[in-house]
Amino acid sequence: MSYLKASDTISGQEGRAYATIDGENVEMFYLKNLEATIEKQKAELKALGRRGVQHRAAGWKGTGTMTIYYVTSRFRQMMYDYISTGKDVYFDITVINEDPNSTVGKQQVQLKNVNLDKVIVAKLDTESDILDEEVGFTFEDVLISSSFADPVLGG
């Protein structure tokens, strides 16, 4: 019987992320975690002769959160610029998963037209040795430029 080898699982620390903001490529070294989700939007349909509700795909939406160490003012400044001038910023985030111990290779996903939902504007915490913050966002498109290969199975 075949099985997945532990060495082919991907370490969460073996990756990189970059934000492209106003043409500047910024390494997101302050990133603690990031999760982006695509949710399919569905329309409900009721039909004669059927009591149940049917569903039809009608679009999608992209949302996400990232937890970052409280060491950058970049996102606070972007939100401040929006509230003070009305100028909103859309940017891209590229996430690369690449664990050299795994045989599955590299996956590279770009979240396009990322827009911030909320940021912490100021923070103090006497109980915390390390400050971090959660940033919510939406995105409007995705590009998967490289995908994982199938793992080499054991057994």
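Begin the tour at Phe137, which is buried with a relative accessible area of 0%. The model is predicted.

**Aromatic rings**

With Phe137 selected, add Phe139. The two ring centres are 6.5 Å apart and the planes stand at 45 degrees, so this pair is tilted. Phe139 counts as buried too, at 4% relative accessibility. Across the whole structure, a search finds five aromatic pairs.

Next select Phe29, Tyr30, Phe75 and Phe91, and show their side chains. These four residues form one aromatic cluster.

**From the cluster to the surface**

Keep Phe29 and drop the other three. Add Tyr69, Val71 and Ile130, then switch on a surface. Phe29 and these three residues make a nonpolar surface patch of about 450 Å². Which loop holds Val71? Val71 is in the one between β4 (54-69) and α1 (74-85). Val71 is exposed, its relative accessible area being 59%.

**The largest pocket**

Turn now to the largest pocket, whose volume is about 510 Å³. To centre the view, select Arg16, Ala17, Leu31, Leu34 and Val95, which are the closest to the pocket centre of the 23 residues in the lining. Colouring by element helps here: β1 (15-21), β3 (31-45), β5 (91-98) and β6 (106-118) are the elements that give two or more residues to the lining. Which strand gives the most? The answer is β3, with seven residues.

Stay on β3 and pick Leu34, which lies in that strand. Is Leu34 buried, partly exposed or exposed? Leu34 is partly exposed, with a relative accessible area of 24%. Then add Thr65 and show the C-alpha atoms. Leu34 and Thr65 are 31 residues apart along the chain, and their C-alpha atoms are separated by 5.9 Å.

**Salt bridges**

Show the charged side chains next. Side chains of opposite charge can pair when their charged atoms come close. How many salt bridges does a search of the whole structure find? The search finds six, and the stops below include some of them.

Select Glu24 and Arg74. Their side chains meet in a salt bridge with an N to O distance of 3.9 Å. This pair links distant parts of the chain, as Glu24 is in strand β2 and Arg74 in helix α1, 50 residues apart. Glu24 counts as partly exposed at 42% relative accessibility, and Arg74 counts as partly exposed at 26%.

Move to Asp92 and Lys112. The closest N and O atoms of this salt bridge are 3.6 Å apart. Asp92 lies in strand β5 and Lys112 in strand β6, so the pair ties together parts that are 20 residues apart in sequence. Why does Asp92 count as buried? Asp92 has a relative accessibility of 16%, and buried means under 20%. Lys112, at 25% relative accessibility, counts as partly exposed.

The next stop is Lys123 with Asp132. The side chains of Lys123 and Asp132 meet in a salt bridge of 3.8 Å, N to O. Lys123 is partly exposed, with a relative accessible area of 24%. Add Lys32 to the selection to see the wider arrangement: Lys32, Lys123 and Asp132 are linked in a network of salt bridges.

**Backbone stops**

Two residues remain, both to be viewed with the backbone shown. Select Asp22, in the loop between β1 and β2 (24-27). The phi angle of Asp22 is near 50 degrees, a positive value in a residue other than glycine. Asp22 counts as exposed, at 62% relative accessibility.

Finish on Asn113. Where is Asn113 found? Asn113 is in strand β6, one of the elements that help to line the largest pocket. The phi angle of Asn113 is near 55 degrees, again a positive value in a residue other than glycine. Asn113 is partly exposed, with a relative accessible area of 33%.

Technical notes:
Residues numbered from 1 in each chain as written. Predicted model: local features only at pLDDT ≥ 70, side-chain atom pairs only at ≥ 80, totals over all residues. Heavy atoms only, no water. Patch = residues over 30% accessible without salt bridge, like charges linked within 9 Å, V, L, I, M, F, W, Y side chains within 5 Å. Areas by Shrake-Rupley, 256 points an atom, 1.4 Å probe, with all protein chains shown as cover. Salt bridge = Lys/Arg side-chain N within 4 Å of Asp/Glu carboxyl O. Helix = DSSP H or I, 4+ residues; strand = E, 2+ residues; numbered from the N terminus. Buried < 20%, exposed > 50% of the residue type's maximum accessible area, 1.4 Å probe, protein only. Phe/Tyr/Trp six-rings, centres within 6.5 Å; stacked < 30°, edge-to-face > 60°. 1 Å grid on protein atoms, 1.4 Å probe; cavity = no way out; pocket = protein on both sides within 12 Å on 5 of 7 lines; lining within 4 Å. Points joined across faces, edges and corners; volume = space filled by probe spheres on them.
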